[in-house]
Amino acid sequence: MDELRRRIEVAQQTGDLDLTGLGLSQIPSEVFLSGHPDKIRSLNLNGNRIRNFQIENPEALGGLVALSIARNGLEEVHASVCRLASLVNLNLSGNLMHSLPANLSQLTKLKELDLSGNPGFVPGREISGLRSLRRLSLRQNYLTELPHYLGYLPLDVQLDLEENFFDENVLALMERGNSNLFAYLRTMDAEPHYEAKLILLGEGNVGKTSIVEALRGNPFIEGRSATHGIKIETFEVDSSRLGIVNRFPGSHAGDLITVRSWDFGGQEVYRVTHQFFFTRHALYFVTWRPREGQEANFVDDWLRRIKLRCGDDARVLIVSTHAIEDGEEIDYPGLRQKYGPLLAGYHRVDTKDSFGIPELAERLAQMAASLPRMGERISARWRAVQDELLSRPDPYVKRATFDRICERYQVGEAEAEALAALLNDLGYIVYYPEDDDLRDLLILQPEWLTTAISCVLDDQEIKSSAGVLRHESLSRVWGDPRHSYPREIHPYFLRLMEKFDVSYRIQEETASLIAQLVPYERPELSWPTIGESDELVLLCDFSDEPTGLIPWLTVRTRRFAVSQWRKGFYLKHPHFDARALVESVSPTRLSVRVTGGSRAFLFDIVRDTVDQLVKLRWPGLSHQMRIPCPGDRSRGISCQASFRIESLERMRAEKIPKILCPDCVEWQYVDSLLVGISSNRGLDHELAIVSQIDSLQAEVVASRGELTRIITEAREFQENAGAAFHALLILGKAANLEVSDCPKLFSLRVADRSRFDPRRAYSSKMLLDLWCEETGSQHPVSPAYEFSYSKEWLVGVAPYLSFAAAAVGLLAPIVGGVAGAFDVSALKDSADLMKTLADSVKIEVSEGPEGRDGNNLSAAEGAALRSFREFLFELDGSRHFAGLQRLLTPTGEYQWLCPRHFAKYEPSIPKIYPELTADEPEVSDS
């Protein structure tokens, strides 16, 4: 009781009442008997034993802004809570909630609602009445569905839906943002449908197409031509005897399941691009011909590719064709032991006399019925649009045609956008709504596109030119009478190849480099030998061979490209002293070596690009990154040991400074080993280098005329610049975990310095400059936003304002000096102003659960960033953001870029033919 009284007395002074861990089952009466309960702004009841929460006199807590009842075993919240008229933040995480008050909409000021960690709990219809809500967390509630009424939340609400078990539709639309997700959810009070995707794989001429035709009821054709690219067909299988267990209450399974089959050409040249269409929760037939043997049919190789792309979520049936022929038996038990749940069985057929086809159809129906997506609800209006679109004989349509089809079935503009994006994400069409140039075109037959790409990959002239595709030759490549792609579509095809990481433009955009066709021979490179430089080395070991790794990495690092060969590439940063040598030294090992003064900066970019590419292209592939021990290099013999990055990061987090190498028996400093690696070094430690960067500012400013000499000769400048950008990468990642739908890098300045009076700061006009976030080239953009700030605003954003001030402070001497177009002194003044404003409200960023954790923002910084997001949305209702555009970079981070830097990643449609303009090629509906 003494402890309770002490805490209440503290709250009388601070306004923050902390009652955590006192074993309480309700709010103590002493709280209401204290002098001024209405002065309490925050009440923390975490870690108590409250099962049913109610407030006897909620009006007495009229000033309460934040209420937290986390980790209590809480099951129910009484309607009295909804009489807390000033409540802005409500935290009910880590409980056993089963309902919310029906009058929840009375909390008209509620902005943040945390319901995470409540297993199986999803809020009811009452949630849609919270019109001021800006953040809702349902993280780790183990949900499989979202209710349709969540689609009526405010469009700019932040949703945290991680660590649940949603189907592919929801996951795909979550990635695309609230507009698409909410449009989809609002259609979820619809009928279930039953459809499966079947992908047929195997070597060329093994009989895949004959299997599909037999399942469709068509006769066998002797000497059927091989499939080039992809061939898509639709048929139905009967599930009436299977007893489908429906996952969706109130719906009734039909007897027929629609199967959409994707017959993939088996030729080697197609395999890199075909992987784009491998999807989770699909069915796969891996076909082989016994006479040629298991090895000749590459059965294990096809299974490996599926596992790398889909993990264990796919289901694969091995199908032996030409069953009447004598030949080798397959080692199915061995494959089953290796691939486990991926395999769904083994079946023998012979399409010539229909042997095994009825049994195969029944097995296919069984497999389809077990898919997680079977019976999912999709609007009948959406289904009608999809069916009409995919039944068209045209390989593509313009967006205007798609919109007309949507109008015919009463599918509105927002729903149409969501539907088109979803069809792309599920692999039915190819569509890029985020690209201003490509959004006017919907490819209805993905095989039409992949065949066009195959024409390029197969072209002998391009192969003999070391992978250089001259744009003038596209009329020959794609004008072949066998395909005859319209000339007006050629620029779009070339742009789509870039989207698929197949090529990028070179030679002032008159040609493109096809990364898959570069020479095998490694060029002569000037690279320091071991011991001659402070080289950073990373070894990445994969559990299996990631097919296409080097070509895709080549394209994704193109902005630093110098030279390429089939198993590696050489990079050089255009502005800083940093060079990288990336090579595949074995089928399952990648070597990354970086040297130069700013090596840490480029090292981070390459490492993160590898991480993101593996995550994106091979979800079923595990990989481990290691740092070789630098010991014994003085004698010219490298130590053979290496250290796992995860182990080094744990040591650093525990403040263990050194590690003993068991091979060379030398102590190595953990900090030194991890330079350039995005480690768990605390942000405070990273920000300490601000003072080192600032010390160079005077030299840069005073020697603007000798800037080239400074950059090339001042090793200290280069090393500190690399360290600074390493710190900024960590800052950016931390901020991205909280907010990704608006710019986060900004600076402040006084609108009229001649009239600025620090004693009357709250009456002053301020200017907010957003920044282009291009790594290594960050800079402010115009126009600025003018606003009058208040003390309430400053208190809300202060913790993140301090964070942003540190970032601007890092950038001021480097970007201002190197770019030469920005006033270093003015940028430094902005950083100082932001820090002064933030310090004026006495920010406290603590370590531990509520403070900074490794590379994450503290709880206070995260909340302040969300406050800044809301403020920016109010300043810029049109979401124009001074012309900045959002981009998911090759390193996996969202950045907001100015048009010039955005174009480096997403160039406009190329100008190939004089009669077609680069801005808007004339594309007619076919």
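In which helix does threonine 609 lie? Threonine 609 belongs to helix H19, which covers residues 599-617. The views below are taken from a predicted model.

**Figure 1. Overview of the protein chain in the predicted model.** The chain has 926 residues, and 57% of them are buried. Its secondary structure consists of 30 helices and 35 strands. Among contacts with a separation of 6 or more, 65% join residues that are 24 or more positions apart. The accessible surface amounts to about 39,400 Å², and carbon and sulfur atoms contribute 48% of this area.

**Figure 2. Threonine 609 and its contacts in the predicted model.** The residue shown is part of helix H19 (residues 599-617). Threonine 609 has a relative accessible area of 1% and counts as buried, because the limit for that class is under 20%. Leaving aside residues up to four places away in sequence, threonine 609 touches Leu553, Arg556 and Thr557. Pro890 and Thr891 are also touched by threonine 609.

**Figure 3. A nonpolar surface patch that includes leucine 660.** Leu660, Val665 and Trp667 make up this patch, which has an area of about 330 Å². Leucine 660 is located in strand S28, residues 658-660. Is leucine 660 buried or partly exposed? Its relative accessible area is 39%, so leucine 660 is partly exposed.

**Figure 4. The cis peptide bond between serine 782 and proline 783.** Omega for the bond from serine 782 to proline 783 is near 5 degrees. Proline 783 sits in a loop, with strand S32 (779-780) on one side and strand S33 (785-788) on the other.

**Figure 5. Glutamine 410, a residue with positive phi.** Phi of glutamine 410 is about 55 degrees, although the residue is not a glycine. The loop that holds glutamine 410 runs between helix H12 (399-408) and helix H13 (413-425). With a relative accessible area of 59%, glutamine 410 is classed as exposed, because that class begins over 50%.

**Figure 6. Alanine 466, with a positive phi in a loop.** Which elements flank the loop of alanine 466? They are helix H15 (460-464) and strand S18 (468-470). Alanine 466, a residue other than glycine, has a phi near 60 degrees. Its relative accessibility is 31%, so alanine 466 counts as partly exposed.

Notes
Residues numbered from 1 in each chain as written. Predicted model: local features only at pLDDT ≥ 70, side-chain atom pairs only at ≥ 80, totals over all residues. Heavy atoms only, no water. Helix = DSSP H or I, 4+ residues; strand = E, 2+ residues; numbered from the N terminus. Buried < 20%, exposed > 50% of the residue type's maximum accessible area, 1.4 Å probe, protein only. Contact = heavy atoms within 4.5 Å. Areas by Shrake-Rupley, 256 points an atom, 1.4 Å probe, with all protein chains shown as cover. Patch = residues over 30% accessible without salt bridge, like charges linked within 9 Å, V, L, I, M, F, W, Y side chains within 5 Å. Salt bridge = Lys/Arg side-chain N within 4 Å of Asp/Glu carboxyl O.
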